[in-house]
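Colleague: I'd like to go through this model with you and ask how each label is earned. Could you set the values against the definitions as we go?

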Amino acid sequence: MNKILIIEDETAIAELEKDYLELSNFEVTICNDGLEGSKLALNEDFDLILLDIMLPGMDGFAVCRELR
């Protein structure tokens, strides 16, 4: 099963994305903070990361730089 990480601080948006992705048989993890999301992405294996730009802790651009 493909794993997807959603890094999104708007809970309603993240939950909606998760619901649709799980209907398509994806395993989904949600993180609401850029710093925590970056750590999670570096320490676990995800097939795809859906990343918001304006995040608390660390913005999406900084998260991208961390993941390079």
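Colleague: What makes the charged end of K3 count as sitting over the ring of F46?

Modeller: The rule asks for NZ of Lys or CZ of Arg within 6 Å of the ring centre and within 35 degrees of the ring normal. The charged end of K3 is 5.0 Å from the centre of the F46 ring, so the distance part of the rule is met. K3 is listed as sitting over that ring, which means that the angle part is met too. Bear in mind that this is a predicted model, where local features need pLDDT of at least 70, side-chain atom pairs count only at pLDDT 80 or more, and totals for chains, interfaces and linings use all residues. Residues are numbered from 1 along each chain as its sequence is written, and side-chain values use heavy atoms, without hydrogens or water.

Colleague: How many aromatic pairs are there by the rule?

Modeller: The count is zero. To pair, rings of Phe, Tyr and Trp (its six-membered ring) need centres within 6.5 Å; planes under 30 degrees apart would be stacked, over 60 edge-to-face, and the rest tilted.

Colleague: Which residues make up the largest nonpolar core, and what makes it a core?

Modeller: There are nine of them: L5, I7, C31, A41, F46, L55, M58, A62 and V63. A nonpolar core is a set of buried Ala, Val, Leu, Ile, Met, Phe, Trp, Tyr and Cys residues joined through side-chain atoms within 4.5 Å. Strand β1 (3-7) and helix α3 (60-67) each bring at least two residues to this core. Helices here are DSSP runs of H or I with at least four residues, strands are runs of E with at least two, and the numbering goes from the N terminus. A second, separate core has five residues, among them I6, A14, L21 and V28. In soluble globular proteins, nonpolar side chains tend to be buried together.

Colleague: How do you know whether L55 is buried or exposed?

Modeller: Buried means under 20% relative accessible area, exposed over 50%, and partly exposed in between (1.4 Å probe, protein chains only). L55 has 11%, so it is buried, and its place is in the loop between β3 and α3. With neighbours within four places in sequence left aside, L55 is in contact (heavy atoms within 4.5 Å) with I7, E8, D9, G34 and G60.

Colleague: And what class does I53 fall into?

Modeller: I53 is also found in the loop between β3 and α3. Its relative accessibility is 35%, so I53 counts as partly exposed. L51, in strand β3, has 25% and therefore also counts as partly exposed. Beyond four places in sequence, L51 touches I7, G60, V63 and C64.

Colleague: Why are the buried residues of α2 said to be on the same side?

Modeller: The buried residues of α2 (residues 34-43) are G34, G37, S38 and A41. They cover an arc of only 100 degrees around the axis, so they lie on the same side of α2. That arc is taken from the directions from the helix axis to the C-beta atoms. The face turned away from the buried side carries the exposed E36 and N43. Cover for the buried residues includes β1, β2 (27-31), β3 (48-51) and α3.

Colleague: What makes D33 a cap for α2?

Modeller: A side-chain oxygen of D33 lies 2.9 Å from the backbone nitrogen of L35, at the N-terminal end of α2. A polar contact is a pair of N or O atoms within 3.5 Å; within protein, one must be able to donate a hydrogen and the other to accept it, and residues adjacent in sequence count only if both atoms are side-chain atoms. So the 2.9 Å of D33 and L35 fits the distance limit. At the start of α3, a side-chain oxygen of D59 comes within 2.9 Å of the backbone nitrogen of F61.

Colleague: Which residues of α3 are buried?

Modeller: G60, A62 and V63. Their arc is only 155 degrees around the axis, so they too are on the same side of α3, while F61 and R65 on the other side are exposed. The buried residues of α3 pack against β1, α2 and β3.

Colleague: What is unusual to check about the phi of N25?

Modeller: N25 is not a glycine, yet its phi is positive, about 70 degrees. N25 is found in the loop between α1 (11-23) and β2, and at 58% relative accessible area it is exposed.
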